[in-house]
Structures are given as C-alpha cells and as structure tokens.
Amino acid sequence: MRSRPSVMHLDLDAFFSAVEQRDKPSLRGKPVVVGGVGGRGVVATASYEARRYGIRSAMPTAEARRRGPAGTAFLAGRFDAYRLSSRVVMDVLRECSPLVEQVSIDEAYVDLAEIPGFDPSVEAVTALATDLRARLRDLTGGLTASVGVGTSKMMAKVASELRKPDGLTVVDAGEELEVLHPLPVRSIGGVGPATAERLRPLGVETVGDLARLELADLLSLFGQAHGTSLHRLARAQDDRSLVAEREAKSVSAEETFARDITDPAALRREIDLLTARVGARLRGAGTAGRTVTLKLRRYDFSTLTRSTTLTQATDDGRALAHTAYRLLAEVDVADGVRLLGVGVSGLSDFVQDDLFGTPEAEATPVEPAEAQEPAAAAPQVWRPGQDVVHATLGAGWVWGSGRSLVTVRFEGPRTPPGPVRTFGATDPDLAPGPPPDWREPQGG
DNA sequence: TCTGGGGTCCTAGGACCC
DNA sequence: TCTGGGGTCCTAGGACCC
C-alpha cells in the first residue's frame, strides 16, 4: 500500500457490446449480447440495456435469449475490431505513463507515480483521470471507461467498480478500510464462488466480516497462499507491483462441440485441428514446450486432464497430435465428450535469446542495465554429440538441435542417463567445454 | 437449448536425488 | 534398530480471472 493514491485501474465499459453499438448505430440504445450464439454458447458481454433484463457475462446464451426482449441483438463478436480499439486505448495509457500493466483486452493498471512531475493530491489525480477518459472517448469514437485510483492495485480495482459505467473514483490514503469493509467479500480478488461459499457459514458476507477472522483460521481453511492473501487483502494490505510484460507460460486451444462426440476417430480429427492451432501459435511466438496436456470434458460436464512431458520441447503440430492421441487412448470416451482441449506448457523461452543473438536484434538499442553483460560468443551451429558445459548443470552433450533450440542431455555418475534440457542456441550458459568423464553418447 | 475459451496460480502426492 | 529432511520434477485437479 502506497502513501498516496498513485495506482490507476481502468476498465472499458461493456467493451465488446460498446464496440458493436459504436460501429452500428442501429444497435445504440438496444440490448446487445456478444458471445457464443450456438446451442452451447455463453455470454461474453451484455450491453447495459441487456443487463436490465438480468443478462450477465458467462450466462448461457440460451438463458439470455429467454430473458432478452424482442429485438435483442445476439452477435458472435468481431475480435479484430475489439483488438484494434483495445490497442488505441492501451497506447493512450502508455503515453500517459511508462508503466502500464495490461490485464486483458479491456483492462489495465497504470502506475501514475512513474509520470514525471506527478502530483498525488486527490484534486490533481481527479483532473488527470478526467482528461484521460475524455481523450479515450475521443480517440475510440465514444467508448467509455470506468476508472479507479487508489494506494494499491486492489484499491484501484475496487474503486473502478464503484461507479459503473463511465465513472471515476479516487480513494485517498487513509480511506481504504472505510471504502473496503462494507463491500461484499466477493469484491476481493481471489474470492470466487467456492471461497465465498466456504466463508458464508462463518458469518462472512462483507470484507469487514472477513477482516475479523484470525490468520490461523484462514490458513487452516484455505492453505498458505490463499489464507495469507485473504488475511492481507481484507486489511487493504497489498504491495503488488505493476508488471508491464509477462511471459506466457502455456499455450492451449479447446473446443466445445455442438453435440457430444463418442467416435475416437472423430476425436482424433479434432485433435489434429487443435494441435495445428497450438503449433502455429507456438511458432508465431517463437517458443516451444515440453509438457503436453489433453483436456476432456465429458457428457456430464466432469473435466479431466492427462499430461505427459517430452524429453524435448516441440512446436510441431504433428508431434503434439501424436502425443495427444496417446493421452486420449488412456481415457474412456464411450459415454461422450463435449469438449476437447490441447495445451502445451513448460515453454522454453528462447525468444529472448534470439532478441540478443540475431544480427537484426543486435542493431536495436539495448537498455544499459541489460547491455552490461554482453553475451559470450556462442557457436552458431550445435551438432548432436558435440560436448558442452552448462554453468549450473555441469557437463552434457548435445542431444538434438534445430531452429534456435539446442537439446542437451546431462549425465553424471549418479544420474545416468541424466536429464534432458532445451536451451536457446545462443544461450550464454551454453558454451563448449572439455570432454566429460563418461563415454560416447548413445543418442543423437 | 444449462454451463465458452484463454489463461494463471496453488495444492498434494509420489518419484527421485543428495 | 525405525522410519532424516529438503529440494525438484511430474501429474491431476481445482479455484479464479477476464
């Protein structure tokens, strides 16, 4: 928690519907629902006109159709248009402050303390946010945002929820608990339906109720991480910093079928489509992963996952497909499958290595702090069988190479045949070394 | 015609290593 | 004899977020 309100949270109002209403004047003032329009679709965004009929995000579209009056528009969504408007908004925020954390397509935190000459008085913050919202409205053709400013991410987010849509709330230092404690406990990040349900028997309805619970009770009920977090957030203790860029940890694709599928051959065809998408996205991001997870939702909505970890990272759709087939074979699908998904995690981040290793990237300016340690001259080509030394893992030999990836098998007296790890080809930790004690590798 | 799709983080048990 | 103790990796499931 900061001593002055300098964290801003911005949330675009009913974003998808608002873009549709902006682009199609006939939809203005009418209920608009964007989401899955098929039999098993759910609502992604409902316009405020639609919310008056009880239509909400995540509601089955079938239910929304029952609730919406005649003339309600049900739209599948135009994600390219949404991304375009989102980019305009995020660019404006980044012009405002050098530190912006984009949370999703329609949400971001802005660190106002990073603005040169920032004045943290409530008056100045209010003026700044008012200007910003007016600029966004102009540049996006009339989209509105709800904005909150507070002494932490949590307070900023809570503040932005207080006046929706098109609202602005600044919670000054010292006012946090006064604002926070009367709110429903669900207002705290990390309290969803399950947590709220477990708190209810304890008489916890509001954040203030939660703040009366002992840490020990929360720990035994919710475990270390969740328990500690609840105890702190209920007291407005939040020192999470803003993170401008996060590296992806997994890539996945999934699909719910219009009708449950029981035929294994049909499921394998779906796997082909999903793995092709995942592979393409991995390659597009310049990454590859080792752990392949098959997700399966059955006719009764029960969900199970099966995963396996490969010796080498892959970004190849066919390799992913064959791995997913094996996982599928472990599962009984006779009763019907409504959803199939394929995910890849354990991503090797060799994007960064490329950034510093390729000729084009070397020409781009590098931050001084990062330029201090020039990458050691690494061989451009690694051949299977060539000896290497890795600084932390000891001796290993190149097991495979390709693209900008090098797979190394480490071996030692106590770990035959040893772990296999994948590096970027220009990883500075990967350097030629003397031949190890052990003999000729068996693979390649 | 109940319940999407893309993610993140946490927990817990077992294997394995030192 | 009675049963270390910590660390990491792997797998499965679940809560939560937008």
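Ala, Val, Leu, Ile, Met, Phe, Trp, Tyr, Cys and Pro count as nonpolar, Asp, Glu, Lys and Arg as charged, and the others, Gly among them, as polar. The exercises below concern a predicted model.

**Exercise 1. Describe the surface of chain A near DNA strand C: which residues are closest, which elements contribute, and how many residues fall in each class?**

Solution.
1. DNA strand C is surrounded by 19 residues, and the closest are Ser104, Gly192, Ala194, Thr195 and Thr309.
2. Two or more residues each come from strand S5 (100-104), helix H8 (193-199) and strand S11 (303-314).
3. The greatest contribution, seven residues, is that of S11.
4. Sorted by class, this surface comprises 11 polar, five nonpolar and three charged residues.

**Exercise 2. Determine whether Glu107 is buried, partly exposed or exposed, and place it in its surroundings.**

Solution.
1. An unreviewed UniProt entry lists Glu107 under "active site".
2. Glu107 belongs to strand S6, which covers residues 107-111.
3. A residue is buried with 20 or more other C-beta atoms within 10 Å of its own and exposed with 12 or fewer. Glu107 has 18 such atoms within 10 Å and is therefore partly exposed.
4. Beyond its neighbours within four places in sequence, Glu107 makes contact with Leu10 and Asp11.

**Exercise 3. Explain why helix H6 (residues 153-162) is described as largely enclosed, and identify what its buried residues pack against.**

Solution.
1. Of the 10 residues of H6, eight are buried, so the helix is largely enclosed by the rest of the structure.
2. The buried residues are Lys153, Met154, Met155, Ala156, Lys157, Val158, Ala159 and Ser160.
3. Their packing partners include the strands S1 (7-12), S6, S7 (145-150) and S8 (168-170). Helices H7 (176-180) and H10 (215-233) are also among these partners.

**Exercise 4. State how chain A is divided, and where pLDDT stays under 50.**

Solution.
1. The division of chain A gives domain 1 (15-80), domain 2 (181-233), domain 3 (250-349) and domain 4 (378-432). The C-alpha centres of domain 1 and domain 3 are separated by 30 Å.
2. The unreviewed UniProt annotation "domain: UmuC" spans residues 7-192. Over residues 7-192 the chain is 38% helix and 19% strand, with 24 Å between the end C-alpha atoms.
3. The average pLDDT of chain A is 87, and 79% of the residues score at least 70.
4. pLDDT stays under 50 over residues 351-380, with 25 contacts beyond four places in sequence, and over residues 412-418, with eight such contacts.
5. Where pLDDT is low, predicted coordinates should not be read in detail.

Notes. Residues are numbered from 1 along each chain as its sequence is written. Chains are lettered from A and ligands numbered from 1 in the order in which they are written. This is a predicted model: local features need pLDDT of at least 70, side-chain atom pairs count only at pLDDT 80 or more; totals for chains, interfaces and linings use all residues. pLDDT is the predictor's confidence in each residue, from 0 to 100. Two residues are in contact if their C-beta atoms, placed from the backbone, lie within 7 Å. UniProt positions are given in the numbering used here, feature names are shortened, and annotations may be inferred rather than shown by experiment. Helices (H or I, at least four residues) and strands (E, at least two) are DSSP runs, numbered from the N terminus. Domain bounds come from an automatic or database domain assignment. A residue is near a molecule or strand if its C-beta atom, placed from the backbone, lies within 6 Å of it.
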